[in-house]
Amino acid sequence: MLELFVSEYCPYCKKVMSFFDENNVIYEKKDVSISENFEKLVNLGGHDQVPFLNDTDNQISMYESNDIIDYVKNLKEQDE
C-alpha cells in the first residue's frame with residue numbers, strides 16, 4: 001500500500017496528489033495536520049518534511065515530489 005503524507009497547503013504535495021489522481025494511483029492520504037499522522041511521518045522518515053511516501057509493500061520510503069513521482073511511474077510500468 002502507498003501511504004502519502006501531505007499537508008494540504010504544500011504545493012509539492014499537491015503536485016504528487018495531482019499526478020496520483022490523473023494516473024489512477026491508489027494511495028492512502030495521510031494529512032499531517034492530524035497529530036497521529038504527523039507522529040507516524042517523523043517515526044518513519046525522521047523529518048517533518050512533506051510530501052513523504054511510504055510503500056508498505058516494498059518497504060521503501062522517500063521524500064521529494066519528483067522522486068516520489070518517478071518511483072510510482074516505475075511501479076506502474078512494472079505492473080503493465
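**Exercise 1.** Find the bridge partner of glutamate 3 in E3.

*Solution.* In E3, glutamate 3 is bridged to asparagine 54. The two strands involved are E1 (residues 2-6) and E3 (residues 52-55), which pair in the antiparallel sense over four bridges. Two strands count as paired if DSSP finds at least two bridges between them; strands are DSSP runs (E) of at least two residues and helices runs (H or I) of at least four, numbered from the N terminus. The model is predicted: local features need pLDDT of at least 70 and side-chain atom pairs pLDDT 80 or more, while totals for chains, interfaces and linings use all residues. Residues are numbered from 1 along each chain as its sequence is written, and side-chain values use heavy atoms, without hydrogens and water.

**Exercise 2.** Place E1 and E3 in the sheet and name the edge strands.

*Solution.* The open sheet has four strands in the order E2-E1-E3-E4, with mixed pairing. Strand E2 (28-31) and strand E4 (60-63) are the edges, each pairing on one side only.

**Exercise 3.** Decide which residues of H1 are buried and where they lie around the axis.

*Solution.* Step one: Cys13, Val16, Met17, Phe19 and Phe20 are buried (under 20% relative accessible area, 1.4 Å probe, protein chains only; exposed is over 50%, partly exposed in between). Step two: these residues lie on the same side of H1 because they cover an arc of only 160° around the axis, taken from the directions from the helix axis to the C-beta atoms. Step three: the face turned away from the buried side carries exposed Pro11, Asp21 and Glu22. Step four: the buried residues pack against E1, E2, E3 and H3 (contact: heavy atoms within 4.5 Å).
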